[in-house]
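This briefing is for a reader meeting the structure for the first time. Please look over the sequence and the model before reading the points below.

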Amino acid sequence: MKKALITGVTGQDGSYLARLLLDMGYDVTGTIRANSQAKMTRLRKLGVADAVRLVDVDLSEINSINRAIRGTAFDEVYNLAAQSFVGSSWDQPIYVADVNGLGVVRLLDALRTYSPQTRFYQASTSEMFGRARAVPQNEETPFHPRSPYGAAKVYGHYITVNYRESFGLHASSGILFNHESPVRSAEMVTRKITLGLARFAHGDHVPVELGNLDARRDWGFAGDYVEGMWRMLQQDVAEDYVLATGITTPIRDFVGFAAEALGLDLAWSGTAEAEHAVDRRSGKVAVKVNPRFYRPAEVDLLLGDATKARTRLGWQPKVTARELAEMMATSDYDDGRA
Ligand code: NAP
Ligand code: F7E
């Protein structure tokens with residue numbers, strides 16, 4: 001039975017990955033921050049809360065990392081823990097650098113010291129491309145992060161490559177484009193939309209307030225992406241891979257997909273900060289712009305080219321942005337009825 005450690009197991013990807021590995025017969029340990037027992041919701045929703053062994057680890061605390069790594073000979077370690085909300089990274093840039101950047105080297109160095117045979121996955125991100133130098137982006141595209149989050153993740157990426165090249169660790173960095181699910185954090189725009197519109201459809205008629213509606217993203221389904229992470233660690237030679245759908249969708253379209261799934265009929269009007277969408281059936285404003293959600297800097301067109309993952313790993317995303325919006329909106333609507 002293979003043993004895996006997942007940092008950030010209480011998060012979206014951690015929960016899906018835990019379920020995937022458990023289904024494959026792995027023994028799964030997950031890290032949780034002390035006093036965050038309340039955050040078992042996702043593991044519970046995916047039906048695996050009781051099957052994952054939990055250890056207290058904070059990536060800003062080296063001793064907690066060393067204790068977790070020293071105690072067990074893990075076959076695979078997936079580093080998914082991070083402060084993952086880009087929008088708040090401008091408010092806490094030093095904390096983000098510590099957890100998302102230095103946290104990675106703390107973990108790698110513990111592996112180098114106590115368990116050099118363990119295979120390692122680092123959760124890198126399309127945010128590293130930022131002001132992208134090419135469209136679409138692949139493993140060769142230069143980085144130009146546009147947020148403290150992206151900058152910290154660039155360090156995490158390069159230190160992973162560096163430990164692979166310096167010490168021969170089997171360490172891979174997965175450069176993943178946005179991936180969502182019904183357990184996506186409520187701060188992220190997709191879930192904010194599906195949660196807000198589901199409540200609207202239930203009759204609360206409170207408009208969903210969004211920032212930059214002109215943003216677009218390459219959105220896939222988290223369940224597909226965690227399978228890509230696992231496939232990376234099954235390769236004889238560790239390398240880095242982009243996972244993406246190769247299709248970009250504007251936020252307005254995602255709103256439209258979710259609204260349709262909920263039986264709402266939206267009519268857009270106005271421009272810039274006055275832009276809004278009225279639900280024709282109720283006559284109420286369902287979506288409006290609030291500049292509070294604008295960011296100090298936006299990324300350019302992030303669109304991934306996952307040819308390498310497709311050809312080398314046999315990986316393929318299966319869920320479209322429309323299907324994703326429907327899956328999330330329906331789940332939020334059903335939860336709201338409960
Ligand atoms: P998420 O839902 O926000 O989960 C993040 C996890 O990290 C949570 O379990 C959280 O624990 C934990 N965490 C936060 N700070 C920590 C700390 N100081 N020490 C230990 N654990 C800490 O994120 P996700 O969407 O699953 O993403 C997983 C990883 O992939 C992240 O590294 C993210 O940056 C990266 N990524 C995500 C995407 C995406 O589209 N989802 C794309 C590219 C890369 P609590 O429950 O205690 O907060
Ligand atoms: O924003 C725009 C916002 O917060 C997407 C994380 O998983 O993916 C995620 O980061 C876009 C941005 O995701 C609102 O300005 C408009 O352009 O859903 P998001 P993100 O920033 O792409 C990457 C790959 C990661 O690595 C991250 O960990 O949507 N937007 N209005 C809004 N965004 C939010 N959150 N809220 C709004 O009201």
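The buried residues of helix H6 are covered by elements that include strand S7 (179-180), strand S8, helix H8, strand S14 (276-279), strand S15 and helix H10. The model is predicted. The points below take up three helices, two ligands and two single residues.

**Helix H6**

- Helix H6 (189-201) is made of 13 residues, and the distance from its first C-alpha to its last is 18 Å, close to the 18 Å expected at 1.5 Å a residue.
- Its buried residues are Thr190, Arg191, Ile193, Thr194, Leu195, Gly196, Leu197, Ala198 and Phe200.
- After H6 comes Gly203, which has a positive phi near 110°.

**Helix H8**

- Helix H8 runs over residues 251-261, and Ile251, Phe254, Val255, Phe257, Ala258 and Ala259 are buried in it.
- The cover over these buried residues includes H6, S8, strand S12 (249-250), strand S13 (266-269), strand S15 (284-289) and helix H10 (321-337).
- H8 is thus listed in the cover of H6, and H6 is listed in the cover of H8.
- Gly263, just after H8, has a positive phi of about 75°.

**Helix H4**

- Helix H4 covers residues 93-114, and its 22 residues should span 32 Å at 1.5 Å a residue; the end C-alpha atoms are 30 Å apart, which agrees.
- At Leu102, H4 bends by about 40°.
- The buried residues in H4 are Val96, Val99, Asn100, Gly101, Gly103, Val104, Val105, Arg106, Leu107, Leu108, Ala110 and Leu111.
- Strands among the elements that cover them are S1 (3-7), S4 (76-79), S5 (119-125) and S6 (171-176).
- Helices H3 (62-71) and H5 (148-167) are also among the covering elements.

**Phe120, a buried residue**

- Phe120 lies in strand S5.
- Phe120 has a relative accessibility of 1%; buried means under 20%, so Phe120 counts as buried.
- Val77 is 43 residues away from Phe120 in sequence, yet their C-alpha atoms are 4.9 Å apart in space.
- Setting aside residues up to four places away in sequence, Phe120 touches Val77, Asn79, Val104, Leu107, Leu108, Leu111, Thr160, His170, Ala171, Ser172 and Leu233.
- Val104, Leu107, Leu108 and Leu111, among the residues touched by Phe120, are also among the buried residues of H4.

**Arg310, a partly exposed residue**

- Arg310 is placed in helix H9, which consists of residues 307-313.
- The relative accessibility of Arg310 is 42%; partly exposed means between 20% and 50%, so Arg310 counts as partly exposed.
- Arg310 and Leu243 are 67 residues apart along the chain, with 8.7 Å between their C-alpha atoms.
- Apart from neighbours within four places in sequence, Arg310 is in contact with Trp315 and Gln316.

**Ligand 1**

- There are 27 residues around ligand 1, of which Thr10, Asp13, Ser84, Tyr149 and Lys153 come nearest.
- A polar backbone atom of Leu59 is 2.9 Å from a nitrogen atom of ligand 1.
- In the side chain of Tyr149, an N or O atom is 2.5 Å from an oxygen atom of ligand 1.
- In the side chain of Arg184, an N or O atom is 3.0 Å from a nitrogen atom of ligand 1.
- On its own, ligand 1 exposes 900 Å², and the protein buries 92% of that.
- Helix H1 (12-23), H4, S5 and H5 are the elements that give two or more residues to the shell around ligand 1.
- Among these, S5 gives the most, with three residues.

**Ligand 2**

- Ligand 2 is surrounded by 23 residues, and the closest are Ser84, Thr125, Tyr149, Arg295 and Glu298.
- Ser84 and Tyr149 are listed among the closest residues of ligand 2 and among the nearest residues of ligand 1.
- An oxygen atom of ligand 2 lies 2.7 Å from a polar side-chain atom of Thr125.
- A polar backbone atom of Gly211 is 2.7 Å from a nitrogen atom of ligand 2.
- In the side chain of Arg295, an N or O atom is 2.6 Å from an oxygen atom of ligand 2.
- Ligand 2 has 700 Å² of accessible area on its own, and the protein covers 96% of it.
- Helix H6 and strand S8 (208-210) are the elements that give two or more residues to the shell around ligand 2.

Methods. Residues are numbered from 1 along each chain as its sequence is written. Chains are lettered from A and ligands numbered from 1 in the order in which they are written. This is a predicted model: local features need pLDDT of at least 70, side-chain atom pairs count only at pLDDT 80 or more; totals for chains, interfaces and linings use all residues. Side-chain values use heavy atoms; hydrogens and water are left out. Helices (H or I, at least four residues) and strands (E, at least two) are DSSP runs, numbered from the N terminus. The expected span of a helix is 1.5 Å times one less than its number of residues. The bend at a residue is the angle between axes fitted to the seven residues ending there and the seven starting there. Buried means under 20% relative accessible area, exposed over 50%, partly exposed in between (1.4 Å probe, protein chains only). Contact means heavy atoms within 4.5 Å. A residue is near a molecule or strand if one of its heavy atoms lies within 4 Å of it. A polar contact is a pair of N or O atoms within 3.5 Å; within protein, one must be able to donate a hydrogen and the other to accept it, and residues adjacent in sequence count only if both atoms are side-chain atoms. Accessible areas come from the Shrake-Rupley method with a 1.4 Å probe; for residues, only the protein chains shown count as cover.
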